[in-house]
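Biologist: Could you take a close look at one part of this protein for me, the way its helices pack and what sits around them? I would like one connected walk-through, please.

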Amino acid sequence: MTVTVSAAPSSPVRLEISTLWKLSWPMLVGQLATVGMGVADVAMTGHVSAAELAAVSLGASVWSIVLVTVMGTMMSINTVVAHEIGAGRYDKIPHSVRQALWKGVGVGLIAFLLTNLATLLFDHIGLDPAVADRAAMFLHVTSIGMPAFACYRALYGYTTSINETKPIMIIAILGLLFVIASNWLLVFGNWGFPQMGAVGCAVSTSAGMWLMLIAMLFWVKVSPVYRMTYPFTGWEGPDWKEIREMLRLGLPIGVTYFAEVSAFGLISLMVARFGVVQVSAHQIALNFSSLVFMVPLSFGIGLLTRVGQAMGEGNPVRAQFVSRVGVGMSVAFGVLSAAFIALFRWEIARAYTSDPAVQEACVHLLLFAALFQLSDATQVATASAIRGYQVTRPPMIIQLVAFWGFSLPLGYILGIAPAWFPWSPAAPMESTGFWIGLVLGLTIAAVLLTWSMERLSRQKVRLIAK
């Protein structure tokens, strides 16, 4: 149930770093495998036709927003179980997990409905009718997997919070292999299967989500690690009070994730007006930054668990120590990733494209990507630490203000240079303006969340001292 360290490091800081790393690295591999599913969809349909690629790209842009929002909303189970583990209340965990699964069913069905309703937008944004129809069909089919994904995230939070993260890694890798194999059959029509293009991708993705849920259920059933907290000993209906409490914790995280992903999506749409070179460079820089972001995100999920367990023990001093060490790890990685991007920006650009104009524009944007690595790593770690205290609204407010109050407005003013605004630049800065806005917004979020984390941790320490 707990992480064991065979050779204890020589200091508490090294011990905590070792523990957090052991908890986080399987999640990192799992996150990268999950991202790889979307990459496989785009890469494989790109070899069918431009229309099929456009349909998958458009559908995936909507699908990913709903998916990430569901992921955030379901994260409340992480901190609930972590607190119970820390307090030694193992008998309460099965009930919490069962209620999280009921919550997952409801959240998944709402996500299913919203994903299908989102297809109505395609009739009003000037798309080619054939592409709009294929993108809508992609969403209709992938939406079938939403309830499975929400329930899988409930079990994901449960298993990570008892320090058992390897199942996440293995199941995600198997899911990636399944998507690649089934895409090969259904997208291209190999081995006598029908050539379904974008719809084949959707079938693979939806089936993959259900298979990952089944695999996680099987793992929980057979692994002895779960015996003490095994949640499937009997039938239990919804406990609405418990579900409402989980929604109170989870909805602010879901809103936060929605705000961040939708802000990046909106920036991509606004950059599209500047032509192929600008939008291509923007997407490459954003894609690489997203891959790098998986490391501090995995640290953050691990940090949420560690802080939650410390608070469950009634030990805010250890929670404060864990928070600071975890944030320090994330910041250290931010420094390294910033240096790597700045030094190897030309190599990164060449790995994505052979077009000299896109390479040059991309190299310019990657400098801004390097700049915000430190802020990005800090804000995700501090927000996760705060959530470990079962406090979720302050990070939501701070990140909403940072992205929608600063990043988007400033990016719009600098990038578009609207004539109606008196302090616009003389000429539009195009994608550069939007990336300046992102750097500022992430910096504001990092500063405010660090202040909020320190203030909260000190309050908890003072309360226990009285």
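Modeller: Happy to help; what follows goes from helix pairs to the nonpolar cores and then to single residues. Please keep in mind that this is a predicted model.

Let us start with helix α11 and helix α16. Helix α11 covers residues 316–343 and helix α16 covers residues 431–465, and the two pack with their axes 8 Å apart, at an angle of about 160°. Angles over 145 degrees count as roughly antiparallel, and α11 and α16 are therefore roughly antiparallel to each other. Their crossing is left-handed. On the α11 side, the contact is made by Pro316, Val317, Gln320, Ser323, Arg324 and Val327. On the α16 side, the residues involved are Met453, Glu454, Ser457, Arg458, Lys460, Val461 and Ile464.

Arginine 458 deserves a moment of its own. This residue lies in helix α16 and touches Gln320 and Arg324, leaving out residues up to four places away in sequence. Is arginine 458 buried or exposed? Neither label fits: its relative accessibility is 44%, so arginine 458 counts as partly exposed. Glycine 415 is 43 residues from arginine 458 in sequence, and their C-alpha atoms are 41 Å apart in space.

A second helix pair runs the other way round. Helix α9 (residues 240–271) and helix α15 (residues 393–416) have axes that come within 8 Å and cross at roughly 10°. Because angles under 35 degrees count as roughly parallel, α9 and α15 are roughly parallel to each other. From α9, the residues that meet α15 include Arg248, Pro252, Val255, Ala259, Phe264, Leu266 and Met270. Their partners in α15 include Arg393, Met396, Leu400, Phe403, Trp404, Leu408 and Tyr412.

Now for the nonpolar cores. The largest one has 74 residues, and Val70, Val81, Phe122, Tyr152, Tyr158 and Met216 touch the most other members. Helix α6 supplies the largest share of this core, with 10 residues. Another core, of 33 residues, lies apart from it and has Leu408, Ile416, Phe434 and Val439 among its members. Leu408 is also one of the α15 residues that meet α9.

Methionine 216 and threonine 160 let us look around α6 in finer detail. Methionine 216 is in contact with Tyr152, Leu155, Thr159, Pro167, Ile168, Ile171 and Tyr226, with neighbours within four places in sequence set aside. Threonine 160 is found in α6, which spans residues 146–161. At 1% relative accessibility, threonine 160 counts as buried, because the cut-off is under 20%. Leaving out residues up to four places away in sequence, threonine 160 touches Leu23, Met27, Asn78, Thr165, Ile168 and Thr305. Ile168 thus appears in the contacts of methionine 216 and in those of threonine 160.

Alanine 87 makes a useful contrast. This residue lies in helix α3 (residues 76–87) and is partly exposed, with a relative accessible area of 29%. Beyond residues up to four places away in sequence, alanine 87 touches Gly312 and Glu313. Leucine 23 is 64 residues from alanine 87 in sequence and 19 Å away, C-alpha to C-alpha.

Finally, the cysteines. How many disulfides does a search of the whole structure find? The search finds 0. Cysteine 201 is buried, with a relative accessible area of 0%, and cysteine 362 counts as buried at 0% relative accessibility.

Conventions. Residues numbered from 1 in each chain as written. Predicted model: local features only at pLDDT ≥ 70, side-chain atom pairs only at ≥ 80, totals over all residues. Heavy atoms only, no water. Helix = DSSP H or I, 4+ residues; strand = E, 2+ residues; numbered from the N terminus. Buried < 20%, exposed > 50% of the residue type's maximum accessible area, 1.4 Å probe, protein only. Contact = heavy atoms within 4.5 Å. Core = buried A, V, L, I, M, F, W, Y, C linked by side-chain atoms within 4.5 Å. Disulfide = S-S within 2.5 Å. Axes fitted to C-alpha atoms, helices over the stretch in contact; angles between N-to-C directions. Parallel < 35°, antiparallel > 145°, perpendicular 65-115°, else oblique. Left-handed = near helix turned anticlockwise from the far one by under 90°.
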